[in-house]
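Good morning, colleagues. Please look at the structure now being shown, and I shall then describe how its interior and surface are arranged.

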Amino acid sequence: MMNKVLHIALNTFRESVRDKVLYVIAFFAVMLMAASQGLGWVTVAEETQIVQHFSLAAVSFFGALIAVFVGTSLIYKEIDKRTIYTILSKPVYRWQFLVGKFVGLMAVLLVVIVGMGAIMLLFVAYSAESTTTPEGVTWASKVKWSLLLQALVLLYFELMVVTALAVFFSTVSSPVLAAIFTFSAYLVGQITPSLMDLVKFEGAEMNYSLRANQ
């Protein structure tokens, strides 16, 4: 039973790595990481932190784009080429087909995260070695590499959720609508912590005003 899932996942992986959209999005992610090197003029002491934040944001955003655009077209391509009828006519359950597609795309995203993560670490290492603190110490000694690796792992799990949504919406709607729904859910998840912080800040400010007026 699992052999069928793995076979579908392998075919999905091979098909996805040939998708030109994948390489275009990855290219822009690397370009954004490289552009973050030029933002050191804002403040020299925090150049490495800027590179870290921009690089992680690039991995998250462009990884989500890959999950959305590739994931939402997986089922549609099978239906459009009518290969899905050939697959489902064999002793393959629908859940095996969907799980295989999901696992295959997650394998692609694993390769993407590892590749972009390696490039990000190279940019951070270069920026840390070329940047010194006001005390004359290089930032390389202050970079917490384990936290960066943990951030990449958590980003992968985040993309796992985005991919699951993309595959789900692709089964019930067109690729365009599925992409809109999935990306909207991703944006909501990204801005929710900021909205919660804003609500807490406004609540604290209101309580302070009430106490001041008493």
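I begin with the interior. In the largest nonpolar core there are 34 residues, of which Met33, Val59, Ile66, Leu109 and Met120 touch the most other members. A nonpolar core here is a set of buried Ala, Val, Leu, Ile, Met, Phe, Trp, Tyr and Cys residues joined through side-chain atoms within 4.5 Å. Buried means under 20% relative accessible area, exposed means over 50%, and partly exposed lies in between, with a 1.4 Å probe and protein chains only. Two or more residues of this core come from each of helix H2 (20-36), helix H3 (47-80), helix H5 (94-130), helix H6 (145-172) and H7. H3 gives the largest share, 12 residues. Another core, of five residues, lies apart from it and includes Ile8, Ile75, Ile84 and Val92.

A word on the basis of these statements. The model is predicted: local features need pLDDT of at least 70, side-chain atom pairs count only at pLDDT 80 or more, and totals for chains, interfaces and linings use all residues. Residues are numbered from 1 along each chain as its sequence is written, and side-chain values use heavy atoms, with hydrogens and water left out.

Next, the overall fold. The protein has seven helices and zero strands; helices (H or I, at least four residues) and strands (E, at least two) are DSSP runs, numbered from the N terminus. Of its 214 residues, 36% count as buried. A contact means heavy atoms within 4.5 Å. Among contacts between residues at least 6 apart in sequence, 76% join residues at least 24 apart.

Two residues illustrate this. Setting aside residues up to four places away in sequence, Leu109 touches Gly63, Ile66, Ala67, Tyr156, Leu159 and Thr163. Thr182 belongs to helix H7 (residues 175-213). Is Thr182 buried or exposed? Thr182 counts as buried because its relative accessibility is 0%. Beyond its neighbours within four places in sequence, Thr182 is in contact with Val68, Thr72, Val162, Leu165, Ala166 and Phe169.

I close with the surface. The protein exposes about 12,700 Å², and carbon and sulfur atoms supply 70% of it; accessible areas come from the Shrake-Rupley method with a 1.4 Å probe, and for residues only the protein chains shown count as cover. Phe27 is in helix H2, and Phe27 counts as partly exposed because its relative accessibility is 48%.
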